[in-house]
Amino acid sequence: MDVFRKKDVGEILKHSTPLKRTLRTWDLTFLGIGAIIGTGIFVLTGKGALTAGPAISVSFLVAAICCGFAGLCYAEFASMAPVAGSAYTYSYIAFGEIIAFIIGWDLILEYALGAATVSVGWSGYFANLLGNLGIHIPTVLTAAAGTTADVTSYFNLPAFLIVLLITWIISIGITQTKRVNDTMVIVKLAVILLFIVCTIWFIKPHNWQPFSPYGLYSFHNGTAAGIIPAASIVFFSFIGFDSVSSSAEETINPSKTLPRGILLSLFISTVLYIIMTLIMTGVVKFTVFAKYLNAPVLAVLHSTGQTWLSIIVSIGAILGMTTVILVQLYGQSRISYSMSRDGLFPKFFGDVNMKYQTPFKGTWFFGIITAIAGGLINLNILAELVNIGTLTAFILVSAGVLWMRHSHPEVHRGFKAPGVPFTPIIAIIFCLVLIAGLNWETWIRFIVWFAIGMILYFGYSKKHSKLNSFKPQDKGAD
């Protein structure tokens with residue numbers, strides 16, 4: 001079956017890359033933190049706390065462990081095949097073309113909807129900040145139609161504009177992207193530390209009683225509640241560390257640098273998440289967050305009376321989410337670039353602009369679509385779609401590490417995931433548990449997207465794949 005034809009690792013590494021190598025361990029760690037810390041702390045802590053109570057800190061830990069095991073598998077693949085494309089390229093090597101296409105298609109959905117979802121949260125904090133400064137955006141232009149009941153709105157203008165601005169930054173080159181990201185991450189971390197230092201004195205331990213009101217998994221008012229469903233929600237907060245591995249072709253000494261960057265960024269983010277959620281549920285009773293779903297951090301600041309801090313936190317949140325959008329759009333442009341280079345997408349997406357050395361046209365194509373989605377679609381529903389897409393990618397990468405250890409033990413790996421076969425198996429089990437925590441509507445939407453992808457694969461990609469013209473590779477790959 002030629003839909004399962006594979007790429008050979010040696011063959012991939014022969015081709016030199018037109019992209020510039022400039023990233024080091026700390027750049028990657030910052031890229032990871034840039035992608036991870038944002039929506040989680042500034043938006044999802046409220047929804048998560050309502051689902052699990054103060055035990056939301058445990059939910060973050062569960063989600064982080066799941067990502068940690070998957071992260072070790074990503075790191076092994078990244079050190080074995082340090083090329084752009086992340087899970088897409090890894091699946092091409094381990095399982096063959098059709099699985100790789102499914103993952104690539106899946107990741108495009110994840111990154112585009114992820115960036116669009118975050119742009120909507122960004123817009124909320126931005127409008128709030130302008131409000132504090134006495135500038136008011138007309139309500140009809142602050143949200144997509146039907147976002148909030150009883151409020152007339154047509155288009156989310158700030159969300160639309162921020163995505164276009166970031167697309168422009170990414171399209172003019174990685175050095176600019178790196179500088180912008182590093183600066184914003186430093187400011188964001190400073191704001192989070194300031195928040196921790198200023199609010200930790202207001203904790204009332206009785207707010208933590210009962211610590212886990214809904215247990216591990218239960219039904220509350222007709223919806224799933226407890227630590228596991230909350231972990232499925234806050235899992236969204238960790239998405240993005242995988243986009244670190246899509247920067248392999250722009251990294252100096254990738255087989256050592258990538259694993260360090262992935263694991264360091266995960267560790268730092270998890271510690272900050274747990275401290276933040278413990279403080280937030282300790283200062284106010286978790287039920288209060290129902291009134292502050294879009295900006296839960298402000299609930300804490302209203303309770304402590306530190307309104308001066310809310311302006312600083314809004315700025316931190318705005319920068320925090322800007323870096324998340326930046327990393328997701330960056331990851332997406334590199335995946336479509338890899339797929340185009342392999343012939344699975346039209347050549348248009350793989351054209352590298354000589355002046356900027358970036359896939360310029362593909363970056364703008366997806367940037368504009370993402371901006372329109374952020375402006376027009378009511379994204380309450382779509383965050384879950386992003387989660388199911390990512391969890392599927394995690395499962396395939398973890399399974400890929402198992403399979404490659406079995407079928408290609410001889411391939412050089414700069415980093416070996418410890419505890420194989422247990423590490424990938426634990427990662428897969430965690431991912432399946434979190435997928436089970438999602439709503440059934442999410443499954444249906446995911447299957448529809450998958451079906452569209454299959455039509456595209458059999459209609460275009462299979463005929464245009466570069467592997468058609470390159471027969472000897474099949475032998476080396478099997």
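**Entry 1: a salt bridge to start with**

I began with two charged side chains, Lys361 and Asp351, and found that they meet in a salt bridge, 2.9 Å from N to O. This is a predicted model, so I am reading computed positions throughout. I then looked up where the partners sit: Lys361 belongs to helix 14, while Asp351 is in the loop between helix 13 and helix 14. They are ten residues apart, and the pair links distant parts of the chain.

How covered is Lys361? Its relative accessibility is 39%, so I noted Lys361 as partly exposed. Asp351 has 22%, and because buried means under 20%, Asp351 also goes down as partly exposed.

**Entry 2: a second partner for Asp351**

I checked Asp351 again and found another salt bridge, to Lys347, with the closest N and O atoms 3.2 Å apart. Is Lys347 buried or exposed? Lys347 has a relative accessible area of 63%, so I wrote it down as exposed.

**Entry 3: a bridge across the sequence**

Next I turned to Asp342, which forms a salt bridge with Lys7; their closest N and O atoms are 2.7 Å apart. I was pleased to see how far along the chain this one reaches: the two residues are 335 residues apart. Asp342 lies in the loop between helix 13 (307-341) and helix 14 (360-376), and Lys7 lies in the segment before helix 1 (9-14).

I looked up the cover of both ends. Asp342 is at 9% relative accessibility and therefore counts as buried. Lys7 is at 13%, so Lys7 counts as buried too.

How many salt bridges are there by this rule? I get seven.

**Entry 4: a charged residue without a bridge**

I then went looking at Glu110, which I located in helix 6 (residues 97-132). Glu110 is buried yet has no salt bridge. Which side chain of opposite charge is nearest to Glu110? I found Lys188, and it is 15 Å away.

So what does Glu110 touch? Setting aside neighbours within four places in sequence, I listed contacts with Ile239, Asp242, Gln328, Val386 and Thr390.

**Entry 5: the nonpolar core**

A reminder to myself from general reading: in soluble globular proteins, nonpolar side chains tend to be buried together. Here I counted up the largest nonpolar core, and it has 139 residues. The residues with the most contacts inside this core include Phe42, Tyr125 and Phe238. Helix 6 gives the largest share of the core, 16 residues.

**Entry 6: a covered helix**

I picked helix 5 (residues 86-94) and asked how many of its residues are buried. I found nine of nine, so the helix is mostly covered. Among the buried residues are Ser86, Tyr88, Tyr90 and Tyr92. Just after this helix comes Gly96, and I noted its positive phi, near 110°.

**Entry 7: odd backbone spots**

Another general reminder: most residues other than glycine have a negative phi, and most peptide bonds are trans. I went looking for exceptions.

Where is there a positive phi in a residue other than glycine? Gln357 has one, near 55°. I placed Gln357 in the loop between helix 13 and helix 14. With a relative accessible area of 30%, Gln357 is partly exposed.

I also wrote down two cis peptide bonds. One runs from Gln209 to Pro210, with omega near -15°. Pro210 is in the loop between helix 8 (174-199) and strand 1 (218-220). The other joins Val420 and Pro421, where omega is about 10°. I found Pro421 in the loop between helix 15 (382-407) and helix 16 (422-436).

**Entry 8: stepping back**

Finally I looked at the whole chain. I counted 18 helices and two strands. Along the principal axes, the C-alpha atoms fill a box of roughly 70 × 45 × 40 Å. For 478 residues, a compact globule would have a radius of gyration near 23 Å; I got 22 Å, so the chain agrees with that expectation.

Buried residues make up 59% of the 478. The chain exposes about 18,300 Å², and 71% of that comes from carbon and sulfur atoms. I also looked at contacts between residues at least 6 apart in sequence: 83% of these join residues at least 24 apart.

Methods. Residues are numbered from 1 along each chain as its sequence is written. This is a predicted model: local features need pLDDT of at least 70, side-chain atom pairs count only at pLDDT 80 or more; totals for chains, interfaces and linings use all residues. Side-chain values use heavy atoms; hydrogens and water are left out. Buried means under 20% relative accessible area, exposed over 50%, partly exposed in between (1.4 Å probe, protein chains only). Helices (H or I, at least four residues) and strands (E, at least two) are DSSP runs, numbered from the N terminus. A salt bridge is a side-chain nitrogen of Lys or Arg within 4 Å of a carboxyl oxygen of Asp or Glu. Lys and Arg count as positive and Asp and Glu as negative; His and the chain ends are not counted. Contact means heavy atoms within 4.5 Å. A nonpolar core is a set of buried Ala, Val, Leu, Ile, Met, Phe, Trp, Tyr and Cys residues joined through side-chain atoms within 4.5 Å. The radius of gyration is taken over C-alpha atoms; the globule rule is 2.2 Å times the number of residues to the power 0.38. Accessible areas come from the Shrake-Rupley method with a 1.4 Å probe; for residues, only the protein chains shown count as cover.
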